[in-house]
Amino acid sequence: MSSKGAKIAELFTKAVATTKGFDQHLRKVKVISCGEGRMVTQFQVAPEHLNQRGTLHGGFIAHLVDAISTYALSANDHIDTRGVSIDLSVSYLTAAREGDNIEVEAITMKTGKKIAFLEVQGHVEAIAVYLDRQDAATASYQIQLSKLKVYCISIKSKSLEKSYQGVNSQKQA
């Protein structure tokens, strides 16, 4: 992780751990890597992430995409503030169930003066069991959970700049 990426990952972890707001649902999400406009996270689907049908809740996925893409945007060296989503489109391609391990990657595709474009992909890491002549073999494979595009607009505000003081002071040093 780059220096700024490490600071952004730490900011995400602390914000999620201490919030009393909606982001508390992201507490089980762990940052795997962060830097250069990219953030990779992983979590195991737990009961609090499920809808009534026992699959990963679509609203949780959209919330996760929104949060991860915001921090990925912030991990760009030339971005000094968070973005605010102005358009979020999610395609749900398969369902994830309790116990599934999910990896989510957000990548900054393009940044302009006021708008940035990010792409977020999630994958279910599952174990498949095949029976062949009474022998059970396991194979690890990935199923594409969703392919998402997030469009963010960068807006500066004093309250957001305060949360980045640590990142900005490191950048200036």
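A residue is buried at under 20% relative accessible area, exposed at over 50%, and partly exposed in between (1.4 Å probe, protein chains only). The model is predicted, so that local features need pLDDT of at least 70 and side-chain atom pairs count only at pLDDT 80 or more, while totals for chains, interfaces and linings use all residues. Residues are numbered from 1 along each chain as its sequence is written, and side-chain values use heavy atoms, without hydrogens and water.

**Exercise 1.** Determine which elements supply the largest nonpolar core.

*Solution.* Step 1: a nonpolar core joins buried Ala, Val, Leu, Ile, Met, Phe, Trp, Tyr and Cys residues through side-chain atoms within 4.5 Å. Step 2: the largest one has 32 residues, and Phe12, Leu26, Met39, Phe43 and Leu64 have the most contacts inside it. Step 3: at least two residues each come from α1 (3–18), β1 (30–35), β2 (38–44), α2 (58–74), β4 (101–111) and β5 (115–132); helices (H or I, at least four residues) and strands (E, at least two) are DSSP runs numbered from the N terminus. Step 4: α2 gives the largest share, nine residues.

**Exercise 2.** Classify the two aromatic pairs of the structure.

*Solution.* Step 1: rings of Phe, Tyr and Trp (its six-membered ring) pair if their centres lie within 6.5 Å; planes under 30 degrees apart are stacked, over 60 edge-to-face, and the rest tilted. Step 2: Phe12 and Tyr71 lie 5.1 Å centre to centre with 80° between the planes, hence edge-to-face. Step 3: Phe12 and Tyr71 are both buried. Step 4: because the ring centres of Phe43 and Phe60 are 5.5 Å apart and their planes stand at 70°, this pair is edge-to-face. Step 5: Phe43 belongs to strand β2 and Phe60 to helix α2, 17 residues apart.
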